[in-house]
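Here are a few exercises to work through with the model open beside you. Try each task yourself before you read the solution.

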Amino acid sequence: MELKPLVTLLAIVNPLAIVPFFIHYTQGFSREQRRQTILVSTLSTFIVIAVSALAGLQILEFFGITLASFQVGGGMLLLTSALNMLNAQPAEAKPSTNVMEDGAEKAAQGSSIAVVPLTIPLLTGPATMSTVVIYADKAKTMLQLATLVGYGVVVALATLACFSLAAPIARFLGKTGISVMTRLMGLILAALAVEVMSDGLVKLFPLLGGH
């Protein structure tokens, strides 16, 4: 399998952009609590990607949704995420919700914020899941499907690295550096979103492809 799925996943998950959120949520945590949060968040990120890769198509089939329709819808989600990132927001952030405040409140109460909101929706939300399902359909062999799941391991390790090195990353890049990186990832993601949508539209309306 080509590297495009990995590039897409790294762009949309973009743990680097979540570093400020991680620091904010865990600022009152002990070293052990912070370590536990990093491990749970890393494992959860992998589980979301792996389940989407292995069971996503079966779920679509159960609900009677065609992959072409899913590609168009998923592409629109990706484009929305890309627009968020071009505004230096996390890909899965929703400006109309209180994810930031809810996470801070949970952290203040001593609750685990590793799964919600760090993993879902900030790291892996609907756009991430739909992307994995779309690429799972392109996997023609078990080896390619296993490779896609393996990409989930790479994304999880990238999350582990970014969160473990959160403080030095934040000091080195600063808010401006993180914003620039997020916008660059958003631009890449916007191009990939258009490609996914166009592929789905051609399947739905073959005349668009000139056939």
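**Exercise 1: a helix tucked away**

In α2, the buried residues (under 20% relative accessible area) are P15, L16, A17, I18, V19, F21, F22 and Y25. Helices here are DSSP runs of H or I with at least four residues, numbered from the N terminus. Before going on, note that this is a predicted model, where local features need pLDDT of at least 70, side-chain atom pairs count only at pLDDT 80 or more, and totals for chains, interfaces and linings use all residues. Residues are numbered from 1 along each chain as its sequence is written, and side-chain values use heavy atoms, with hydrogens and water left out.

Task: work out why helix α2 is described as largely enclosed.

Solution: Start with the extent of α2, residues 15-25. Next, count the buried ones: 8 of the 11 residues. So α2 is largely enclosed by the rest of the structure.

**Exercise 2: two helices that pack**

Task: find out how α3 and α8 are oriented to each other.

Solution: Take the angle first: helix α3 (residues 31-63) and helix α8 (residues 142-164) pack at about 160°, with axes 9 Å apart. The axes are lines fitted to C-alpha atoms over the stretch in contact, and angles run from 0 to 180 degrees between N-to-C directions. That makes α3 roughly antiparallel to α8 (an angle over 145 degrees). Then look at who touches whom, with contact meaning heavy atoms within 4.5 Å. Among the residues involved are I38, F46 and L54 of α3 and L145, V153 and F163 of α8. By class, this contact has 15 nonpolar, 6 polar and no charged residues. Nonpolar here covers Ala, Val, Leu, Ile, Met, Phe, Trp, Tyr, Cys and Pro; Asp, Glu, Lys and Arg are charged, and the others, Gly among them, are polar.

**Exercise 3: one threonine**

Task: is T131 buried or exposed, and what does T131 touch?

Solution: First, place T131 in helix α7 (residues 126-138). Now check its accessibility: at 3% relative accessibility, T131 counts as buried. A polar atom of the T131 side chain lies 2.7 Å from the backbone oxygen of A127. Finally, leave out neighbours within four places in sequence, and T131 is in contact with T8, L9, I12 and L78.

**Exercise 4: another residue of α7**

Task: which residues does I134 contact?

Solution: I134 also lies in helix α7, and at 2% relative accessibility I134 counts as buried. Skipping neighbours within four places in sequence, I134 is in contact with F70, Q71 and V196.

Methods:
Helices (H or I, at least four residues) and strands (E, at least two) are DSSP runs, numbered from the N terminus. Buried means under 20% relative accessible area, exposed over 50%, partly exposed in between (1.4 Å probe, protein chains only). A polar contact is a pair of N or O atoms within 3.5 Å; within protein, one must be able to donate a hydrogen and the other to accept it, and residues adjacent in sequence count only if both atoms are side-chain atoms. Angles under 35 degrees count as roughly parallel, over 145 as roughly antiparallel, 65 to 115 as roughly perpendicular and the rest as oblique.
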